[in-house]
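Hi there,

Here is the structure I promised to pass on. My notes on it follow below.

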Amino acid sequence: MHSLSLKVFTDLNSAGTRRSCFPAQVGRGLVVDQRRRVGSGCWDHGGGAAGRKCWVVSCAVDGGNSGGGERPSLDPNPTQNQSSFLSRSQTYAMLKQQMEVAAKSEDYKEAARIRDSLKIFEEEEPVLRFRRLIKEAVADERFEDAARYRDELKEIAPHSLLKCSSDATTLGIRVQVRSVYIEGRSLPSRGQYFFAYRIRITNNSDRPVQLLRRHWIITDGNGKTENVWGIGVIGEQPVILPRTGFEYSSACPLSTPSGRMEGDFEMKHIDRVGSPSFNVAIAPFSLSTLGDDADIF
């Protein structure tokens with residue numbers, strides 16, 4: 001299958017670009033079939049630039065693959081709780097997918113029945129319930145209760161405290177990520193969950209940099225970790241000038257309904273010969289069928 005790689009550079013000095021160049025809903029409209037395999041379990045996509053003041057500098061078609069302190073546990077068997085959370089998350093994902101199928105086939109009575117089941121599930125699901133309790137406790141300044149709810153939530157679903165977005169800056173290079181669950185590409189009944197995410201890299205320094213390599217650490221809901229390395233992104237090693245940005249989309253399938261990703265980009269300054277490379281952090285972010293309360297970072 002051929003894939004279309006589209007690289008986008010953003011001029012941050014242009015009016016209106018800083019906010020609009022990153023969509024609030026990265027999952028909707030993402031053509032995940034147009035992909036380039038970049039490692040075991042990950043694909044890269046070119047970022048779209050329609051309607052934005054960005055520079056499309058290259059377009060290529062490729063048909064091949066490229067490469068502190070301790071506290072006592074609130075539950076005597078946290079491992080069993082985590083397993084239960086994964087099972088509930090799978091049920092939640094299956095219900096959402098079944099509702100979508102029923103609606104597309106115009107079986108609206110069945111879609112309504114599943115919708116009502118989802119509402120009941122969302123009210124009783126511990127993760128969603130604890131999130132709601134934490135939010136209410138903080139709003140009422142009941143911080144002791146909020147801390148207790150947070151600790152209980154951490155026991156049953158460690159990944160759920162991590163947001164589906166992250167933001168980190170290293171030596172003036174800012175990396176923002178936002179992930180979303182793609183129902184249409186997932187098969188929960190077979191243990192296949194597909195997550196997309198979009199990355200924005202902004203050079204807030206006074207020196208031009210080049211992205212050389214990427215490194216991802218992917219952890220599923222069972223704690224299984226995989227390291228993925230690759231040259232550049234979307235098959236290129238982009239140069240990012242001062243006060244400009246670079247965006248691209250990517251995706252990662254998991255065998256569990258939740259997980260996390262983090263990593264780093266190896267970069268170097270290109271305005272001086274012999275400049276050493278340095279690592280730019282990609283802060284941890286969640287991959288979750290349940291999502292989180294944030295729309296955009």
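Let me start with a small puzzle: which residue in strand 10 does Gln210 stand opposite? The residue facing Gln210 there is Val239.

Before going further, some ground rules: this is a predicted model, in which local features need pLDDT of at least 70 and side-chain atom pairs count only at pLDDT 80 or more, while totals for chains, interfaces and linings use all residues. Residues are numbered from 1 along each chain as its sequence is written, and side-chain values use heavy atoms, with hydrogens and water left out.

**Overall make-up**

The protein has five helices and 13 strands; these are DSSP runs numbered from the N terminus, with helices being H or I of at least four residues and strands being E of at least two. Of its 297 residues, 46% count as buried. Buried here means under 20% relative accessible area, exposed means over 50%, and partly exposed lies in between (1.4 Å probe, protein chains only). The protein exposes about 15,200 Å², with carbon and sulfur atoms supplying 50% of that area. Those areas come from the Shrake-Rupley method with a 1.4 Å probe, and for residues only the protein chains shown count as cover.

**Strand 8 and its partners**

The opening puzzle came from strand 8, which is mostly covered: ten of its twelve residues are buried. Two strands pair if DSSP finds at least two bridges between them, and strand 8 pairs in several places:

- With strand 10 (residues 239–240), strand 8 runs antiparallel and is joined by two bridges.
- With strand 12, the pairing is antiparallel over eleven bridges, and Val209 stands opposite His269.
- With strand 9 (residues 225–231), the pairing is antiparallel over seven bridges, and Arg214 has Gly230 as its bridge partner.

Strands 8 and 9 also form a hairpin with four residues between the strands, in which Gly223 takes a positive phi near 90°.

Another hairpin is worth a look. Strand 5 (residues 165–170) and strand 6 run antiparallel and are joined by six bridges, with Ser166 opposite Val177. Two residues lie between these strands, and Leu171 takes a positive phi near 50° in this hairpin.

**Nonpolar cores**

A nonpolar core is a set of buried Ala, Val, Leu, Ile, Met, Phe, Trp, Tyr and Cys residues joined through side-chain atoms within 4.5 Å. The largest one has 30 residues, of which Ile199, Ile201, Trp216, Phe265 and Met267 touch the most other members. The elements giving two or more residues to this core are strand 6 (173–181), strand 7 (193–203), strand 8 (209–220), strand 11 (244–254), strand 12 (258–269) and strand 13 (277–288). A second, separate core of 16 residues includes Leu118, Val127, Tyr149 and Ile156. As background, nonpolar side chains tend to be buried together in soluble globular proteins.

If you want one residue to click on, try Phe265. Leaving aside residues up to four places away in sequence, Phe265 touches a long list that includes Val175, Ile199, Leu211, Tyr248 and Phe278, where contact means heavy atoms within 4.5 Å.

**Aromatic pairs**

Rings of Phe, Tyr and Trp (its six-membered ring) pair if their centres lie within 6.5 Å; planes under 30 degrees apart count as stacked, over 60 as edge-to-face and the rest as tilted. By this rule the count comes to seven aromatic pairs. The rings of Tyr197 and Phe285 have centres 5.7 Å apart and planes at 55°, so this pair is tilted. Tyr197 lies in strand 7 and Phe285 in strand 13, so the pair ties together parts that are 88 residues apart in sequence. Both of these residues are buried. Phe285 also pairs with Trp216, this time edge-to-face, at 6.1 Å centre to centre and 85° between the planes. That contact links strand 8 to strand 13, with Trp216 and Phe285 69 residues apart. The relative accessible area is 2% for Trp216 and 0% for Phe285. Elsewhere, Tyr181, Tyr193 and Phe195 form one aromatic cluster.

**Cysteines**

A search of the whole structure finds zero disulfides (a pair of cysteine sulfur atoms within 2.5 Å). Cys164 is buried, with a relative accessible area of 3%, and Cys252 is buried too, at 2%.

Happy browsing!
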